[in-house]
Each structure stands twice: as structure tokens, then as C-alpha cells.
Amino acid sequence: MAAPRHISVSEASRPVLPRHAKLKYDETRRVWVILAPERVLAPDEIAVEVLQLCDGARNVGAVADLLAEKYAAPREAILTDVIAMLQDLADKGFLTEAREKTP
């Protein structure tokens with residue numbers, strides 16, 4: 001397996017889970033988990049909501065906009081928190097940058 005590309009998360013980043021990782025709901029434990037080869041991570045509810053918005057099409061700024069509107073919270077505070085959380089996941093190999101689609 002190739003090593004995941006290290007990314008530096010910014011407002012313009014378009015993060016996505018790498019091909020080897022899947023966000024799934026574990027019915028038995030009743031929690032969301034990120035499944036990767038030989039690793040499992042159980043993100044909290046807010047992290048799950050952010051990850052569900054990280055589809056590779058939206059950038060981090062758009063994710064922050066959606067969450068700021070939903071929670072009527074200051075966008076800059078949400079953006080700072082989202083970048084920190086996504087960077088932590090990227091550093092652990094659970095997140096990568098979406099690649100441009102080639103025709």
C-alpha cells in the first residue's frame with residue numbers, strides 16, 4: 001500500500017477520505033467509525049458531521065459556511081476548529097486531498 005500523501009489543510013483544501021478508508025456506521029456499537037487497514041477510529045459526532053461534508057468537491061471554507069449557518073455560530077471560529085480537526089486526521093493518514101478529475 002502506498003503511503004498517504006501528507007496534506008496541509010487550509011480553507012481552500014478539498015479533503016476526502018483516502019481510498020483505503022471508509023466512514024461507516026457500526027450498528028453493533030452504535031457509533032460511526034473510520035475503517036482503514038488494521039486501524040479503526042471512532043470520531044465524535046461533530047467530526048462525523050464534518051467528514052460527511054468532505055466529499056472532495058467542497059473545500060474547507062464551504063464546509064465551514066454550511067456549519068456556521070446550521071449552528072448560527074461565527075464562521076471564523078468554526079473554520080479554525082474544522083481546519084485543526086481535519087489536519088489532525090490528515091496527520092494520522094485518515095484524510096487526503098481530492099485530486100482533479102482528468103478528462
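Is Glu38 buried or exposed? Glu38 is exposed, because its relative accessible area is 85%, and exposed means over 50%. The model in which this value was computed is a predicted one. Glu38 sits in the loop that links β3 and β4. Its phi is positive, near 60°, although the residue is not a glycine.

**Overall fold**

The chain contains three helices and five strands. Read from the N terminus, their order is β-β-β-β-α-α-α-β. Four strands thus precede the helices in that order, and one strand follows them.

The chain has 103 residues and a radius of gyration of 14 Å, which agrees with the value near 13 Å that a compact globule would have. Along the principal axes, the C-alpha atoms fill a box of roughly 40 × 40 × 25 Å. Of the 103 residues, 37% count as buried. Where contacts join residues at least 6 apart in sequence, 58% of them join residues at least 24 apart.

The accessible surface of the chain is about 6,800 Å², and carbon and sulfur atoms account for 54% of this area. There are 14 positive and 16 negative side chains. The centres of these two sets lie 8 Å apart.

**The β2–β3 hairpin**

Strand β2 covers residues 22–26 and strand β3 covers residues 31–36. The two pair in the antiparallel sense, over five bridges. One of the bridge partners is known by name: Asp26 is matched with Val31 in β3. Together β2 and β3 form a hairpin, with four residues between them. Arg30, in the turn, has a positive phi of about 55°.

**Residues with positive phi outside the hairpin turn**

Ala72 is another residue that has a positive phi without being a glycine; the angle is about 45°. Ala72 is found in the loop between α2 (60–71) and α3 (75–91). Its relative accessible area is 73%, so Ala72 counts as exposed.

**Leu41 and Glu49**

Leu41 belongs to strand β4, which spans residues 39–41. With a relative accessibility of 23%, Leu41 counts as partly exposed. Residues up to four places away in sequence aside, Leu41 touches Trp32, Val33, Ile34, Leu89 and Phe94. Among these, Trp32, Val33 and Ile34 fall within the range of β3, residues 31–36. Leu89 falls within the range of α3 (75–91). The C-alpha atoms of Leu41 and Leu23 are 9.4 Å apart, with 18 residues separating the two along the chain.

Glu49 is placed in helix α1, residues 45–53. Although Glu49 has an acidic side chain, counted as negative, the residue is buried, with a relative accessible area of 17%. The cut-off for buried is under 20%, so Glu49 meets it. Beyond its neighbours within four places in sequence, Glu49 is in contact with Leu67, Lys70 and Tyr71. These three partners fall within the range of α2 (60–71).

The table lists the accessibility of the four residues described above.

| Residue | Relative accessible area | Class |
|---|---|---|
| Glu38 | 85% | exposed |
| Leu41 | 23% | partly exposed |
| Glu49 | 17% | buried |
| Ala72 | 73% | exposed |

Conventions. Residues numbered from 1 in each chain as written. Predicted model: local features only at pLDDT ≥ 70, side-chain atom pairs only at ≥ 80, totals over all residues. Heavy atoms only, no water. Pairing = 2+ DSSP bridges. Rg over C-alpha atoms; globule rule 2.2 N^0.38 Å. Buried < 20%, exposed > 50% of the residue type's maximum accessible area, 1.4 Å probe, protein only. Contact = heavy atoms within 4.5 Å. Areas by Shrake-Rupley, 256 points an atom, 1.4 Å probe, with all protein chains shown as cover. Charge placed at Lys NZ, Arg CZ, Asp CG, Glu CD.
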